[in-house]
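Here is a short report on one protein chain. It starts at the sheet and works outward to the surface.

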Amino acid sequence: GSFDVIHFNHGVWDASYREPTSKYFSGHRTTSVEDFEKNLRTLVGKMKKTGATLIWATVTPVWEGHPGKPNGDEDAYNRVAAQVMKEHGVIINDLNAETRRQGYPKSNNVHSVGNLAPKVTETILKALEDRKDKTKPLPRVLFIGDSITCGYGVEGPDEFCSFTGATESAYLSYAAVAARAL
């Protein structure tokens, strides 16, 4: 179907450094910045064809690592994403800055991002207000994202807990909270 807004993000795991001892990756970033840019250009090109207003949510902070281990350097990924989004006229929702404004991350857990729902809701409402063609009676919004978008770990006792199925809640995800507010 057609959507009024597509709010999308990914990159936390693209930017993450995988230990050489990991059974999945061997001592490198999951995705190079160059491949990240190429992938974004492909995805944005396809999403623009939908006619929806596109909103890119920046990569949220990746933990700083331990001494002697590299961090995720999400800033490099956000810089290249900002250029791609600018070229394509895509709205940028700076969830990285919002996470830091709230004093997060507070642990080496990439899900330690604070409450992003108000910022996401505000950005989507503005995009819907500015749209010439609106879906009646309710707006149609598609969220494409990562584990943070889906509510991974939001029911944990604090930002230091490890993820389990019992700590995940799609209902409490920023996507669901924003959708109910619309």
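## The sheet and its surroundings

Strands β1 and β6 run parallel and are joined by four bridges. In that pairing, I6 stands opposite L142 of β6. The model is a predicted one.

On its other pairing, β1 (residues 5-8) meets β4 (residues 53-57), again in the parallel sense and over four bridges. Here I6 has L54 as its bridge partner in β4. For H7, the bridge partner in β4 is I55. I6 therefore has a partner in β4, L54, and one in β6, L142.

The whole sheet is open and holds four strands, in the order β5-β4-β1-β6, with parallel pairing. Its edges are β5 (91-93) and β6 (141-144). Each edge strand has a single partner, so one of its sides is left without a neighbour in the sheet. From one strand to the next, the twist averages 20°.

What covers β1? Both of its faces are covered. V5 and H7 are buried on one side, and I6 and F8 are buried on the other. The general pattern fits: in a regular strand, side chains alternate between the two faces of the sheet.

Helix α3 (residues 74-88) lies across β1, β4 and β5. Its direction makes an angle of about 170° with β4.

## Three residues compared

The table sets out three residues by place and relative accessible area.

| Residue | Place | Relative accessible area |
|---|---|---|
| T60 | loop between β4 and α3 | 4%, buried |
| N78 | helix α3 | 13%, buried |
| L172 | loop between β6 and α6 (174-181) | 38%, partly exposed |

Start with T60. Which residues does T60 contact, leaving aside its neighbours within four places in sequence? They are V12, E74, L95, N96, T99, V113, L116 and I148. T60 counts as buried because its relative accessibility is 4%, and the cut-off for buried is under 20%.

N78 sits in helix α3. Not counting residues up to four places away in sequence, N78 touches W56, T58, V59 and N96. N96 is thus a contact of N78 and is also listed among the contacts of T60. At 13% relative accessibility, N78 falls under the 20% cut-off and so counts as buried.

## The surface

Is L172 buried, exposed or partly exposed? L172 is partly exposed, because its relative accessible area of 38% lies between the 20% and 50% cut-offs. The residue belongs to the loop between β6 and α6 (174-181). Together with V154 and Y171, L172 makes a nonpolar surface patch of about 290 Å².

Across the protein chain, about 9800 Å² is exposed. Carbon and sulfur atoms supply 53% of that area. Of the 182 residues, 40% are buried.

## The chain as a whole

How many helices and strands does the protein chain have? There are six helices and six strands. Read from the N terminus, the elements follow the order β-α-β-β-α-β-α-β-α-α-β-α.

Contacts reach along the sequence too. Among those between residues at least 6 apart, 68% join residues at least 24 apart.

Terms used
Residues numbered from 1 in each chain as written. Predicted model: local features only at pLDDT ≥ 70, side-chain atom pairs only at ≥ 80, totals over all residues. Heavy atoms only, no water. Pairing = 2+ DSSP bridges. Helix = DSSP H or I, 4+ residues; strand = E, 2+ residues; numbered from the N terminus. Axes fitted to C-alpha atoms, helices over the stretch in contact; angles between N-to-C directions. Contact = heavy atoms within 4.5 Å. Patch = residues over 30% accessible without salt bridge, like charges linked within 9 Å, V, L, I, M, F, W, Y side chains within 5 Å. Areas by Shrake-Rupley, 256 points an atom, 1.4 Å probe, with all protein chains shown as cover. Salt bridge = Lys/Arg side-chain N within 4 Å of Asp/Glu carboxyl O. Buried < 20%, exposed > 50% of the residue type's maximum accessible area, 1.4 Å probe, protein only.
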